[in-house]
Amino acid sequence: MKEPVIRFQDILEAVRGYMPEADTALLRKAYVFAAVAHRGQLRKSGIPYLSHPLAVTKTLTDLRMDVPTLCGGMLHDVLEDCEVAEGVLKEQVGDEVTQLVVGLTKTAKVSLQTTKRRRLESYRKTLIAMSRDIRILMIKLSDRLHNMRTLFSLSDEQRKRISEETLTIYAPLANRLGISWMRSELEDLSFQHLNPDLYEEIRQGVEEKIEEKAEVIQRVSDILEERFREEDIPCEIAGRVKHYYSIHRKMIQQEIDLEQIFDLFALRAIVAEERYCYQVLGVIHSLWAPVPGRFKDYIAQPKANHYRSLHTTVFGPSGDCVEIQIRSRSMHREAEYGVASHWIYKERAGFDQGDE
C-alpha cells in the first residue's frame, strides 16, 4: 500500500489556514533539524524516515495544534533514534519544544507486555503524561496513527501485536480525549489487521446497506433542508457512516446481525448555536414519528469525554429508520478535536472562536 507523500509545504499551508499570524520560523528550524538528524534512515517500507515525522506533524495540524507542538511532532524521534543530545536540541529549538520531546522519549520507553496488569500500568503512565502536558498525548496519538496507517510493511506477528496495543491503549485514550475520528480510525485499522476476513465482510455489508438507503437518506436530507429554510433555522446537513469496529462490537454485545443495526448511517444537523438544537429536534419529530427508546440527550447529560449532541431515530418518509444527530458548531468542533479544542481556544484568541 503506497503512502501519501507529505511535504513540509503542506504543513505550512495547513498552519496558515488556522493560524494566519503564526510565526513559522521555529517550525522551519525544527524541520531542517529533523531532516539532518534522520538523513540516511529508512522506514521498514524502504522510504526515507523523514516521511514519518512529516506525517505526524500533518496530523497535528488537523488537530489545530500550536507551533511548539508541531515542532515536537517533527522532532519526536531525534533523541531516541538519532543520538541527538538534549542540550543540542535545546540550543536549536528552545526549552519548550525540548521538554515535549523529552516527555515523548520517556513515554516511548514504557513497554507494553502481554499481561493485563502490565497493560493497565502502561495506560496509567500514559494518563500521567497527559496530566503534565496534554500536547505530549496529542503527539503520541498522532505518531501511533501514522504507524497504524503504514503497518502493512511489517510481519503478521508485528502487525497483530501493535494492533492489539492500539485497541487496548491508544484508541481508548483518543476516546478519553474526545477525538472521535481518531479513535474510530485507530479501531478500524486495528480491526483490519487483527481480523481481516470479518473486517472485509462488515465493510462490504455496510457498503451494500448504504447503497440501498442512499435514496431515502437523500430524501430526508432534502426535506429537512427545505423545512429549516422555512423555519429560518441556520443548519447544515451532513452524513456519517458508523465505523466498522463499532459495528462489530455492537453485534457482539447485543447479539444481533447487521440487519438489526439502525445507525449504520446517520444524518447530522449542525446548527449555529445550542439554542437551535431543541428547535430542530421539534421540527424533526413534527415531520416523522420517533422510534421508541431511540432518543438520547447528550446535551443535558454529556458523555464522560464531554461529547454533546442530541440523537434521535425516526421512521422516515418511507417507513425506514433514520438516525439524526443534532449539535451546534462548537459541539461538533469539540467532537472532532476533543480536549485539544478546549486547550486551543483558551490559549489562542486568534483561532476561529465560533459563535457561542
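1. Helix α12 and its end. In this predicted model, the residue that follows helix α12 is Glu-255, and its phi is positive, near 55°. The helix itself covers residues 244-254, and its buried residues are Tyr-244, Tyr-245, Ser-246, Ile-247, His-248 and Lys-250. These buried residues of α12 pack against three other helices, namely α9 (156-176), α10 (180-194) and α11 (196-230).

2. The enclosure of strand β2. Seven of the seven residues of β2, which spans residues 265-271, are buried, and the strand is therefore largely enclosed by the rest of the structure. In a regular strand the side chains alternate between the two faces of the sheet. Both faces of β2 are covered, with Phe-265, Leu-267, Ala-269 and Val-271 buried on one side and Ala-266, Arg-268 and Ile-270 buried on the other.

3. The partners of β2. Strand β1 (residues 235-241) pairs with β2 in the antiparallel sense over seven bridges, and within this pairing Glu-236 stands opposite Ile-270. Strand β5 (residues 321-328) runs parallel to β2 and is joined to it by six bridges, with Val-271 of β2 standing opposite Ser-328 of β5.

4. The cysteines. Why does Cys-277 form no bond with the closest cysteine sulfur? That sulfur belongs to Cys-235 and lies 8.9 Å from the sulfur of Cys-277, which is too far for a bond, given that a disulfide requires the two sulfur atoms to be within 2.5 Å. The count of disulfides by this rule comes to zero. Cys-277 is buried, with a relative accessible area of 0%, and Cys-82 also counts as buried, at 15% relative accessibility.

Conventions. Residues numbered from 1 in each chain as written. Predicted model: local features only at pLDDT ≥ 70, side-chain atom pairs only at ≥ 80, totals over all residues. Heavy atoms only, no water. Buried < 20%, exposed > 50% of the residue type's maximum accessible area, 1.4 Å probe, protein only. Helix = DSSP H or I, 4+ residues; strand = E, 2+ residues; numbered from the N terminus. Pairing = 2+ DSSP bridges. Contact = heavy atoms within 4.5 Å.
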